[in-house]
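Biologist: I should like to learn how to read the interior of a protein model. Please take me through the structure shown here.

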Amino acid sequence: MVLKKLQTSIRGLSGEIEIPGDKSISHRSVMFGSIAYGETRITNFLPGEDCLSTISCFRKLGVTIEERDKEIIIIGKGFEGLNEPKEVLDVGNSGTTIRLLLGILAGRPFFASLIGDESIGKRPMTRVTVPLAKMGAEIDGRKNGSYTPIAIRGGILSPIQYQLPVASAQVKSSLILAALQAEGESTITEPSITRDHTERMIRKFGGIINKHHNIMKVNGGQKLTGTNIHVPGDISSAAFFLVAGAIVPNSEIVLKNVGLNPTRTGIIEVLKNMCADLSIKQSSDASFEPIGDIIMRTSSLKGTVIEGDLIPKLIDEIPIIALLATQAEGITIIKNAEELKVKETNRIDTVVGELKKLGAEIEATNDGMVIHGKSKLIGGTVSSHGDHRIGMMLAIAALLCENEVNLERPEAIAVSYPNFFHHLNILTQ
């Protein structure tokens, strides 16, 4: 097993870094470029393993995708330009790829099979396969289509009126992509508002989606047109350095060109609620997604309660928020985060278990965790469990540890942030 010795006992962070492209937007830009007509050019694309899996799958579906001068260039021929793949579509570790791709394939009149890695094999697929089957797709797989491998034969789809049982941007997006191919108008309702990159992307590619609060109406048969996309920095990746800047003594850092989509800024709300010393300089150059620079300084933090509608806006940031809470005065409670159990790992149990190894006082609950601050972190051997966000959280935690910290399976971090350790080194010089 690969073991990486992490930096410890850092006395301060300083400098500025440009956060890599947003993972969610990078995925969607490739998908929409592939189902649109004409050329799409993508800059600041995230070359992480997850997003490269998306490119690989669409190439197998017959789409021309080239990388040239730090641009991704896609020649789309509409939904109709997708061809039956001769090979199995391997999504790797990417839940976004498999769930959104199933929505696209549901309306295509051919057969495809999809697999992923061990983690994907444990993640529930019925949340998308059940409504897609109601629309007319033929889907099967392990345990009646509950888990990969998944086989799908698409075709003519009927519109759907569907209430999502859980707040999930992946499920919502999968159904929107299917609805774009259905014969008529579909209505999709989510229990609380989730990240809206798919809705913004439809409009960017010349499509129409009507949205009122948490209700979306989508007409099938729309023709999307290729466009230029600049991917903003990923706020979920920025979150690790925002927390580092807040909890490491004598720190002041600048994170450049970070996406500030209001459906994703839950981490900013939590930091402000915990009295973090941060400021934002919003850019006037933003196109279809708001962006800006974030300045973070060492902060005197206070515990808080994180629950309800805030959870979907920071579901990927909860591992690093748990670390943040270990350095706040008082108790922090995280509720309504059951979705963490079906991520790359059961992130509730994994976060609690790994932070306890470092000396944190933290307990798991059925839907979240309770963190007691302020904790003195010591050191030891910890593991990412193959989860990129757990790996990055532990690397930030190590900065506060007095003793040596070794990370098992550090390679998982490359899924979403290939140059994470390089950026960490820049800030610790």
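Biologist: Which residues have the most contacts inside the largest nonpolar core?

Modeller: A nonpolar core is a set of buried nonpolar residues joined through side-chain atoms within 4.5 Å. In this predicted model, the largest such core has 73 residues. Those with the most contacts inside it are Phe-241, Ile-247, Leu-323, Ile-396 and Phe-420.

Biologist: Which helix gives the most to this core?

Modeller: The main contributor is helix 8, spanning residues 235-247, which supplies 10 residues. Apart from this core lies another, of 64 residues, with Ile-35, Leu-102, Phe-110 and Met-216 among them.

Biologist: With which residues is Phe-420 in contact, leaving aside its neighbours within four places in sequence?

Modeller: Phe-420 touches Phe-240, Phe-241, Met-392, Ala-395, Ile-396 and Ile-413. For the protein chain in general, among contacts between residues at least 6 apart in sequence, 77% join residues at least 24 apart.

Biologist: Why does the radius of gyration agree with a compact globule?

Modeller: One compares the chain with what its length would suggest. A compact globule of 429 residues would have a radius of gyration near 22 Å, and the protein chain has 21 Å, so the two agree. Its C-alpha atoms fill a box of roughly 60 × 45 × 45 Å along the principal axes, and 61% of the residues are buried.

Biologist: How many helices and strands does the protein chain have?

Modeller: The protein chain has 13 helices and 23 strands. As for its surface, the accessible area comes to about 16000 Å², with 47% belonging to carbon and sulfur atoms.

Methods: Residues numbered from 1 in each chain as written. Predicted model: local features only at pLDDT ≥ 70, side-chain atom pairs only at ≥ 80, totals over all residues. Heavy atoms only, no water. Helix = DSSP H or I, 4+ residues; strand = E, 2+ residues; numbered from the N terminus. Rg over C-alpha atoms; globule rule 2.2 N^0.38 Å. Buried < 20%, exposed > 50% of the residue type's maximum accessible area, 1.4 Å probe, protein only. Contact = heavy atoms within 4.5 Å. Areas by Shrake-Rupley, 256 points an atom, 1.4 Å probe, with all protein chains shown as cover.
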